[in-house]
Amino acid sequence: MELIKSAITGDLTSRLISFLVNKFSDHTCCEEKVTRLEQLLLRVHMVVEEADGRYITNSCMLVHLKMVVTAMYSGYRVLDIIKYMKNKEDTGDLVNDSAALSFATPLNRSRTTVCTARKRIFSSELQCALEKLESVVGDMNEFVILLAGCERISQKPYDTYIYIDNFMFGRHVEKQHLINFLLENNIAGPPPVLPIIGGRGVGKRTLVTHVCNDERVSSQFNFILHINGANVGQITENGNLSARTLVIVEFFSDVDDNDWKTFYSHVTNLSRENKVIILTKIEKLERFGTVKPMTLNRLVYEEYRYLFKTLAFGSTNPVDHPQLIPIVEEFAELLEGRLIPANILADVLRKNLNVHFWLCKLRQVQITAKKNMTMSGTHPHKLFDQGHPAHFTGYVLSPPTIITPNVPQNDLPQLRFGDLLTGHIFPPKGDFKLISWESRILPYTSFVHTARFCLSLSQDQPESPLSGRKHRRPFS
């Protein structure tokens, strides 16, 4: 009997020691991988930032830059996930595997199994991100050497820090393509036309404005003229086109071919050194281009969530608020890569880094999305994209209208979406104008919805971003 007890005790001791050694080795290995990931991301981000400050004309370098940027944002997402999991472990929210082996309740065993499976997934994603970044860094030597020979872009730092949301994020490759188009000398023939195609709110005007602020680009043209597509016929009244002019024309609907020919021939006759950029979401207008059109899609998830996190935390270090990181993930998935909602919500969240406040705003967005999915089967942002109204508690919002300064408005009261989200005021029981976004760049456009009160929608509905509470200040 003593021999049996001794053998069992020895076997259990051996297994326990083996388990602890393996667990310690796994933990040490994971820590080393995370450290390596941070080092690789630092190196890659340094190269991306340097590339963003250079004029790159080599098309193959731009292809490589796109691969580097994709790997970088994927790596940042994995790093955030790992850091979040680590903080949860440090606070004891995750069940310790070794303790759960002998003393777990059925619930604890279930949680342990889920957490272990989650760790395996995270470990797999960590390894994948490392391999991707290792491959990118390994192929980066030639890129860095060639980059050093590219001319440096003159920076204007004041423009980037006056507002946390007043900067050009991403679009590294698209920006370089646009700069190359504008700086290239016109060959013999009519002025070149570049169509930039993209959906509502993907950043077409922002991209063009950012590039036009570049010193080399602005010095290339004597005038930069912004035209609404509905007014192309008025181009003949502008005498500035006799000098070298960049004409930026934005179309919100299709245009007759004869009207375009009249417009284009006038631009050509005045100066063959002029250039034309078309901004539109209508793919058919590609037919007016003389060079390959540029297509702007929404940011991919990894890049979008990095942007949202940057906007939401501002100058605050996200490491100081680990519980907010998973909420960022939820917001990024709900907003589906849209830039205007990201700016609106991030501006509100940045002013109150409280986990309960963030969860409350997340729930409001979820309720609004679920309600529209139930009523129309479509996300509210997609309804706006399709030109249809979206439902909010007690209100029906029309698709946003793009308003430029000095345009006469009706007498309806105006509210800002951010003020409603913060809960400072609640809307009136009547129609009003809801300003969802006001641009800080030329031509200083605003996105304005018409909100129509609907009593049938306001009854027995859960709170949404437009619903008021009794403690809020009424709008007047």
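Trainee: What amount of space lies in the second largest pocket?

Mentor: In this predicted model, the second largest pocket holds about 990 Å³ of space. Among the 32 residues of its lining, Val173, Glu174, His177, Pro293 and Met294 are the closest to its centre. Two or more lining residues come from each of α2 (59–90), α7 and β5. Helix α7 gives the most, with six residues.

Trainee: What makes a residue such as Val173 part of the lining of this pocket?

Mentor: A lining residue must have an atom within 4 Å of a point of the pocket. Val173 is listed in the lining of the second largest pocket, and therefore meets that cut-off. By class, this lining has 14 nonpolar, 10 polar and eight charged residues.

Trainee: Why is the space of about 400 Å³ called a cavity and not a pocket?

Mentor: A cavity is a set of points where a 1.4 Å probe fits but cannot get out, whereas a pocket is open. The space with a volume of about 400 Å³ is the largest cavity, so a probe placed there cannot get out. The count comes to one cavity of 30 Å³ or more.

Trainee: Which residues are the closest to the centre of the largest cavity?

Mentor: They are Pro341, Ile344, His381, Phe384 and Phe417, out of 26 lining residues. The elements that give two or more residues to this lining are α13 (339–350), α14 (355–376), α15 (380–385), α16 (417–422) and β12 (446–453). Helix α13 gives the most, with five. The lining divides into 16 nonpolar, six polar and four charged residues.

Trainee: Why are β1 and β4 said to pair?

Mentor: Pairing requires at least two bridges between the strands. Five bridges join β1 (residues 193–198) to β4 (residues 275–280), so the requirement is met. The two strands run parallel, and Ile197 has Thr280 as its bridge partner in β4.

Trainee: What makes β2 and β5 the edge strands of their sheet?

Mentor: The sheet is open, with five strands in the order β2-β3-β4-β1-β5 and parallel pairing. Strands β2 (223–228) and β5 (294–296) each pair on one side only, and are the edge strands. From one strand to the next, the twist averages 20°. Helix α7 (residues 172–183) packs on this sheet, touching β1, β3 (245–251), β4 and β5, and its direction makes about 150° with that of β4. Helix α10 (residues 257–270) also packs on the sheet, where it touches β1, β2, β3 and β4; its direction makes about 150° with that of β4.

Trainee: Why is the crossing of α11 and α13 called right-handed?

Mentor: The axes of α11 (residues 301–313) and α13 lie 7 Å apart, at an angle of about 35°. A crossing is right-handed if the near helix is turned clockwise from the far one by less than a right angle. Helix α11 passes α13 in a right-handed crossing, so the turn is clockwise. Residues including Tyr304, Leu307 and Phe308 in α11 meet residues of α13, among them Leu339, Ala342 and Asn343. The contact divides into 11 nonpolar, one polar and one charged residue.

Conventions. Residues are numbered from 1 along each chain as its sequence is written. This is a predicted model: local features need pLDDT of at least 70, side-chain atom pairs count only at pLDDT 80 or more; totals for chains, interfaces and linings use all residues. Side-chain values use heavy atoms; hydrogens and water are left out. On a 1 Å grid over the protein atoms alone, a cavity is a set of points where a 1.4 Å probe fits but cannot get out, and a pocket is an open set with protein on both sides within 12 Å along at least five of seven lines; lining residues have an atom within 4 Å of a point. Grid points are joined across faces, edges and corners, and a volume is the space filled by probe spheres set on the points. Helices (H or I, at least four residues) and strands (E, at least two) are DSSP runs, numbered from the N terminus. Ala, Val, Leu, Ile, Met, Phe, Trp, Tyr, Cys and Pro count as nonpolar, Asp, Glu, Lys and Arg as charged, and the others, Gly among them, as polar. Axes are lines fitted to C-alpha atoms, for helices over the stretch in contact, and angles run from 0 to 180 degrees between N-to-C directions. Contact means heavy atoms within 4.5 Å.
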